[in-house]
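Take a walk through this model, one region at a time. Keep the structure open beside the text.

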Amino acid sequence: MLHITQWLNQIAGITTTENRTIEVWNLNHQQNPTVLAAWAKHFREHYCSDSIIDALRAGTGLSRKDYLEQMIFPDPTTAPGPSIRAGDFGELLVADYLEFTLGYWVPRTKMEGKAIRNESVKGCDIIGFKVVSENNTDSPNDELAIYESKASLSSATEPNRLQTAVEHSAKDTLRKSEALNFLKRRLIEKQDQMSQRVERFQNPVERPYLETNGAVAILSSNIFNKMAANLPNTIGNNHPNDKRLRLLVIHGNDLMPFVHALYTRAANEA
């Protein structure tokens, strides 16, 4: 599948005062209609599968485009819609990064569970899984990855968005069991046998595995430039999984207009 991660380019990292490495990636998005159309469809179906949109809009009197814009997608202008758009975009970008760049299995059930379009979904942001054995037997090297994503695409609300992601990531150790339970339930409801893959990670005492946490800041490049001096001060030693904590920054030019254009294309091409 054509996807936006092909526009991610890793550039020179940043070393923190704790001697951790912050990976830095540049999202060099381009006006490529083929890639944008493919990713707009991929993006749209996180919220509402194309296979059920007609059944869902039946009775509303709305076209597919209007149904998505008025009932499903966060509002482009009325607060907190724009910030929810930025946050959702960041989570979906990180999910694609985990799946297509790092090779995790990343279930996509979170956005479709939204009851209110202008709210974010609570809980762990992105969850990925790796099972080492080909016959699905347990290995202590099986891996659960939980990433926290924080986006600042139009304004810098704080001096170090990555530090906020680290602090929120620390809460994922408490939210993990509930997040896995919810994910497993959603897969069972969809009659997806991959629910058994989630089950493998629900009892780390009896079925041990590796656990990785990630903290990611998604920034427009002008905001990244303003925060650059503070990023080396990012503190991770207080994180409960600090030995397996990954730090990332992804930035790109004019990301908020790009995000709005992506939502518009996703609605228009439904």
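**From a buried tyrosine outward**

Not counting residues up to four places away in sequence, Y263 touches F43, Y47, F73, P74, R85 and D88. Keep in mind that this is a predicted model. Y263 is found in helix 9. Is Y263 buried or exposed? Its relative accessibility is 1%, and buried means under 20%, so Y263 counts as buried. Now look along the chain. Y263 and E69 are 194 residues apart in sequence. In space, 8.5 Å separates them, C-alpha to C-alpha.

A79 offers another view. This residue lies in the loop between helix 3 and helix 4. With a relative accessible area of 65%, A79 is exposed, because exposed means over 50%. A79 and A95 are 16 residues apart in sequence. Their C-alpha atoms are 25 Å apart in space.

Next comes helix 4. It covers residues 81-101, 21 residues in total. From first C-alpha to last, helix 4 reaches 29 Å, close to the 30 Å expected at 1.5 Å a residue. Helix 4 is mostly covered, with 15 of its 21 residues buried. Just after helix 4, G103 takes a positive phi of about 85°.

Turn to the nonpolar interior. Which residues have the most contacts inside the largest nonpolar core? They are L27, Y47, F89, L98, L153 and I218, in a core of 46 residues. Several elements each supply at least two residues of this core. Among the helices are helix 1 (33-47), helix 3 (64-72), helix 4 and helix 9 (255-268). The strands include strand 2 (21-27), strand 4 (143-152), strand 5 (210-220) and strand 6 (245-252). A second, separate core has 16 residues, including L162, V166, A217 and L245.

Pick out L27 in the largest core. Leave aside its neighbours within four places in sequence. L27 is then in contact with I4, W7 and L8, among others. Its contacts also include F89 and L93. I250, H251, G252, N253 and L255 complete the list.

Now for the open spaces. The largest pocket holds about 480 Å³ of space. Its lining has 26 residues, of which S83, G87, K150, A151 and R161 lie nearest the centre. Which elements give two or more residues to this lining? They are helix 4, strand 4 and helix 5 (161-169). Helix 4 gives the most, with 7 residues. By class, the lining of the largest pocket has 7 nonpolar, 11 polar and 8 charged residues.

The second largest pocket has a volume of about 390 Å³. It is lined by 22 residues. Closest to its centre are T109, K110, C124, D125 and I127. Helix 4 appears here too, supplying at least two residues of the lining. Strand 3 (126-130) and helix 6 (172-189) each do likewise. The largest share, 5 residues, comes from helix 6. The lining of the second largest pocket divides into 12 nonpolar, 3 polar and 7 charged residues.

Finally, return to helix 4. This helix supplies at least two residues of the largest nonpolar core. It gives 7 residues to the lining of the largest pocket. It also supplies at least two residues of the lining of the second largest pocket.

Terms used:
Residues numbered from 1 in each chain as written. Predicted model: local features only at pLDDT ≥ 70, side-chain atom pairs only at ≥ 80, totals over all residues. Heavy atoms only, no water. Helix = DSSP H or I, 4+ residues; strand = E, 2+ residues; numbered from the N terminus. Expected span 1.5 Å × (residues − 1). Buried < 20%, exposed > 50% of the residue type's maximum accessible area, 1.4 Å probe, protein only. Core = buried A, V, L, I, M, F, W, Y, C linked by side-chain atoms within 4.5 Å. Contact = heavy atoms within 4.5 Å. 1 Å grid on protein atoms, 1.4 Å probe; cavity = no way out; pocket = protein on both sides within 12 Å on 5 of 7 lines; lining within 4 Å. Points joined across faces, edges and corners; volume = space filled by probe spheres on them. Nonpolar A, V, L, I, M, F, W, Y, C, P; charged D, E, K, R; others polar.
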